[in-house]
Amino acid sequence: MVQERNLQGKGVCWSLRLWSAAVISILLLSTCFIAHCVVTYQFTMDKPNTRLSELHTYHSSFTCFSEGTMVSDKVWSCCPKDWKLLGSHCYLVPTVTSTDSAASWMKSEEKCSQMGAHLLVIHSQKEQDFITNILSTHAAYFIGLRDSGHRQWQWVDQTPYDESATFWHKGEPSSEDEKCVILNHRNDQWGWNDIPCNHKHKSVCQMKKIYL
Ligand code: MMA
């Protein structure tokens with residue numbers, strides 16, 4: 001009898017231990033899960049989505065693309081619907097038929113800024129070619145380059161003006177009175193031309209793409 005009770009006691013003791021181990025494991029797993037959720041939330045929601053929700057006030061829908069091949073390094077990046085994507089940026093090019101889009105340089109920059117964007121910035125042949133490929137050769141487009149005084153060229157996004165990556169037409173820039181820059185097609189070539197800022201032209205807007 002005594003032996004039997006002892007055996008029963010041992011059985012209860014073991015199942016108690018097993019249950020405790022199970023409860024502790026579940027508690028540990030839940031803690032890890034909650035911590036993971038909090039970290040993921042802060043990482044994915046807090047920063048980039050602040051921008052996404054900001055941009056949602058100007059844009060009702062976005063087109064998103066997935067990058068990376070492995071499931072683990074898939075990153076989603078988005079542009080507002082109808083904007084074009086190249087590298088790390090989104091571009092809004094006016095349609096050939098739009099007639100209401102001609103404006104001064106300042107007004108054009110204002111319109112981009114109201115969409116969370118800025119006028120087009122070009123830093124490479126690749127960007128110049130990508131954009132000019134989708135522009136009309138019959139129009140001129142303001143870009144985000146301006147003379148801040150005495151031929152000090154300044155990009156609207158504050159990136160440095162690099163003389164070695166400029167695409168001025170032959171003979172341009174031509175006058176200190178012309179402080180704003182258009183992209184136009186002249187003598188079978190696309191290039192930049194300085195013109196007075198109050199002239200009215202179409203324009204191209206640009207913004208950084210949004211990472212999810
Ligand atoms: C226009 C005007 C200038 C440009 C010259 C080039 C006559 O002025 O577009 O900005 O430099 O043409 O011929």
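Colleague: Before we look at strands, when do two of them count as a pair?
Modeller: Two strands pair if DSSP finds at least two bridges between them. Keep in mind throughout that this is a predicted model.

Colleague: Fine. With that in mind, how do E6 and E8 pair?
Modeller: They pair in the antiparallel sense, and 3 bridges hold that pairing. One place to look is Arg146, whose bridge partner in E8 is Cys180.

Colleague: And how do E6 and E7 pair?
Modeller: That pairing is also described by 3 bridges and is antiparallel. Arg146 turns up again here, since its bridge partner in E7 is Gln154, so you can follow Arg146 to Cys180 in E8 and to Gln154 in E7.

Colleague: What about the hairpin of E6 and E7, which residue there has a positive phi?
Modeller: Gly149 does, with phi near 130 degrees, and the hairpin leaves 5 residues between its two strands.

Colleague: In what sense do E6 and E10 run?
Modeller: E6 and E10, the latter covering residues 202–203, run parallel and are joined by 2 bridges. On that side, Phe142 has Ser203 in E10 as its bridge partner.

Colleague: Is E6 enclosed or exposed, then?
Modeller: Strand E6, residues 141–147, is largely enclosed by the rest of the structure, because 6 of its 7 residues are buried; the cut-off behind that word is a relative accessible area under 20%.

Colleague: Changing topic, where does Ser108 lie, and what is it in contact with?
Modeller: Ser108 belongs to helix H3, which spans residues 105–113. Setting aside neighbours within four places in sequence, Ser108 is in contact with Ala103, Leu119, Phe142, His201 and Ser203. Phe142 and Ser203 are also the bridge partners that link E6 to E10.

Colleague: Buried or exposed, that Ser108?
Modeller: Its relative accessible area is 1%, so Ser108 counts as buried.

Colleague: On to the ligand: which residues are around it?
Modeller: The residues around the ligand are Glu172, Ser174, Glu178, Arg186, Asn193, Asp194 and Ile195. By type they divide into 1 nonpolar, 2 polar and 4 charged, and it is strand E9 that gives the most to this shell, with 3 residues.

Colleague: Which atoms of Glu172, Ser174 and Asp194 lie by an oxygen atom of the ligand?
Modeller: For Glu172, an N or O atom of the side chain is 2.6 Å from a ligand oxygen. For Ser174, a polar side-chain atom lies 2.8 Å from an oxygen atom of the ligand, whereas for Asp194 the atom concerned is a polar backbone atom, 2.8 Å from a ligand oxygen. As for cover, the protein takes up 42% of the 330 Å² of accessible area that the ligand has on its own.

Colleague: Back to Glu172: what is the peptide bond from there to Pro173 like?
Modeller: It is cis, with omega near -5 degrees, and Pro173 is found in the loop between strand E7 (153–155) and strand E8 (180–186). For context, most peptide bonds are trans.

Colleague: Which sign does phi of Gln158 have, and where is that residue found?
Modeller: Gln158 has a positive phi, near 70 degrees, although it is a residue other than glycine. Gln158 is found in the loop between E7 and E8, and at 63% relative accessibility this residue counts as exposed.

Colleague: And Asp188, what are its phi and its place?
Modeller: Phi of Asp188 is positive too, about 65 degrees, and Asp188 is not a glycine. The residue sits in the loop between E8 and strand E9 (189–195), and with a relative accessibility of 71% Asp188 counts as exposed.

Colleague: One other sheet caught my eye. What is the order of E1, E2 and E12?
Modeller: The order is E1-E2-E12, in an open sheet of 3 strands with antiparallel pairing. Its edge strands are E1 (62–67) and E12 (210–211), each of which pairs on one side only. E1 and E2 (residues 75–80) are paired over 6 bridges, and within E2 it is Cys79 that stands opposite Thr63.

Colleague: Last one, for the whole chain: how many helices and strands has it?
Modeller: The chain has 4 helices and 12 strands, and buried residues make up 35% of its 212 residues. Its accessible surface comes to about 13800 Å², with 59% of that belonging to carbon and sulfur atoms.

Technical notes: Residues are numbered from 1 along each chain as its sequence is written. This is a predicted model: local features need pLDDT of at least 70, side-chain atom pairs count only at pLDDT 80 or more; totals for chains, interfaces and linings use all residues. Side-chain values use heavy atoms; hydrogens and water are left out. Buried means under 20% relative accessible area, exposed over 50%, partly exposed in between (1.4 Å probe, protein chains only). A residue is near a molecule or strand if one of its heavy atoms lies within 4 Å of it. A polar contact is a pair of N or O atoms within 3.5 Å; within protein, one must be able to donate a hydrogen and the other to accept it, and residues adjacent in sequence count only if both atoms are side-chain atoms. Accessible areas come from the Shrake-Rupley method with a 1.4 Å probe; for residues, only the protein chains shown count as cover. Ala, Val, Leu, Ile, Met, Phe, Trp, Tyr, Cys and Pro count as nonpolar, Asp, Glu, Lys and Arg as charged, and the others, Gly among them, as polar. Contact means heavy atoms within 4.5 Å.
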